[in-house]
Amino acid sequence: WKQIGEGTRDMLTTALFNTNRYIVLEREQLDEVLKEQDLGASGRIKKGTEAPIGEIYGADLLITAAVTEFSGSTKGVKGETEILGVRVGGGLGKGHIAIDIRIIDVKTSQIVASASVEGNASSIGLEGSTEIGSSLPVSLSGFNKTPIEKAIRICIQKAVEYIVSQTPREYYRYNK
């Protein structure tokens, strides 16, 4: 579950960034950012190229997401045959994921909005699924080109739509 949660978090972060509505702050790699700033402050980095201290933005909102449901299966008819010397296989596959989302005001710790969003997908066919968008994070690469991948992408899209619709207008004060 941890890898599924990490991969889903990475996909949600990318999707929120790509809305061009938010300044998305990197907190997962903050220790690496601080190390680079400390190195710059040490005098060992060429003047003018060092990362200055005191420029990291503070957050207005925190978006949390937790994977609360996850399942994938291959049910029903599955098999392969040979037709005119070509192997053909197929079957029915299903994928389901649900994530609980919270939008939190960091000044007050008040939950501004909260919801559960789901993604469901199935495939029937010779190859099982089609590729959607960019590649999956490494932690989810085992689900590449499966109904589970489709379900994850559907769920992330619904999550972003929810977050955008529930973010109060007063938080849209920065321009890119």
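S109 is exposed, with 55% relative accessible area. In this predicted model, S109 sits in the loop between β2 and β3. Its phi is positive, at about 65 degrees, although S109 is not a glycine. N20 is another non-glycine residue with a positive phi, here of about 60 degrees. N20 belongs to the loop between α1 and α2. Its relative accessibility is 56%, and N20 therefore counts as exposed, the cut-off being over 50%.

The overall architecture is considered next. The protein chain contains 3 helices and 3 strands. Read from the N terminus, the order of elements is α-α-β-β-β-α. The chain has 176 residues, of which 28% are buried. Its exposed surface amounts to about 11,600 Å². Carbon and sulfur atoms supply 51% of that surface. Contacts with a separation of 6 or more were also examined. Of these, 67% join residues 24 or more positions apart.

Confidence varies along the chain. The mean pLDDT of the protein chain is 81. A score of at least 70 is reached by 73% of the residues. Among the elements, helix α2 (residues 30-41) has the highest mean pLDDT, 95. Strand β1 (residues 61-83) has the lowest, 71. Over residues 126-133 the pLDDT falls below 50. This stretch still has 15 contacts in the model beyond near neighbours in sequence. Where pLDDT is low, predicted coordinates should not be read in detail.

The interior was then analysed. The largest nonpolar core comprises 26 residues. Those with the most contacts inside this core are L12, F70, I97, I99, I152 and I163. At least two core residues come from each of α1 (2-17), β1, β2 (86-105), β3 (111-125) and α3. Helix α3 gives the most, with 10 residues.

I99 illustrates how the parts meet. Leaving aside neighbours within four places in sequence, I99 contacts T8, A66, V67 and T68, among others. The contacts of I99 also include A115, S116 and V117. C155 and A159 are further partners of I99.

C155 gives the view from helix α3 (residues 147-166), where this cysteine is found. With a relative accessible area of 1%, C155 is buried, because the limit for that class is under 20%. Residues up to four places away in sequence are again not counted. On that basis, C155 touches I97, A98 and I99, together with V117, E118 and G119. C155 and T8 are 147 residues apart along the chain. Their C-alpha atoms are nevertheless separated by 9.4 Å.

Charged pairs were examined next. Side chains of opposite charge can pair when their charged atoms come close. The structure holds 4 salt bridges. R9 takes part in a salt bridge with D10, the closest N and O atoms lying 3.7 Å apart. R9 also meets E28 in a salt bridge, again with an N to O distance of 3.7 Å. E28 lies in the loop between α1 and α2 and R9 in helix α1, so this pair ties together parts that are 19 residues apart in sequence. R9, D10 and E28 are thereby linked in a network of salt bridges. R9 is partly exposed, with a relative accessible area of 32%. D10 is also partly exposed, at 35% relative accessibility.

A further salt bridge joins R153 to E149. Its closest N and O atoms are 3.0 Å apart. R153 and E149 are 4 residues apart in helix α3, which means that about one helical turn separates them. R153 counts as buried because its relative accessibility is 16%. E149 counts as buried too, at 1% relative accessibility.

Nonpolar side chains also appear on the surface. V33, L34 and I56 form a nonpolar patch there. Together these residues have about 200 Å² of accessible area. L34 lies in helix α2. Its relative accessible area is 34%, so L34 counts as partly exposed.

Notes
Residues are numbered from 1 along each chain as its sequence is written. This is a predicted model: local features need pLDDT of at least 70, side-chain atom pairs count only at pLDDT 80 or more; totals for chains, interfaces and linings use all residues. Side-chain values use heavy atoms; hydrogens and water are left out. pLDDT is the predictor's confidence in each residue, from 0 to 100. Contact means heavy atoms within 4.5 Å. Buried means under 20% relative accessible area, exposed over 50%, partly exposed in between (1.4 Å probe, protein chains only). Accessible areas come from the Shrake-Rupley method with a 1.4 Å probe; for residues, only the protein chains shown count as cover. A nonpolar core is a set of buried Ala, Val, Leu, Ile, Met, Phe, Trp, Tyr and Cys residues joined through side-chain atoms within 4.5 Å. Patches are made of residues with over 30% relative accessible area and no salt bridge: like charges are joined within 9 Å, nonpolar side chains (Val, Leu, Ile, Met, Phe, Trp, Tyr) within 5 Å.
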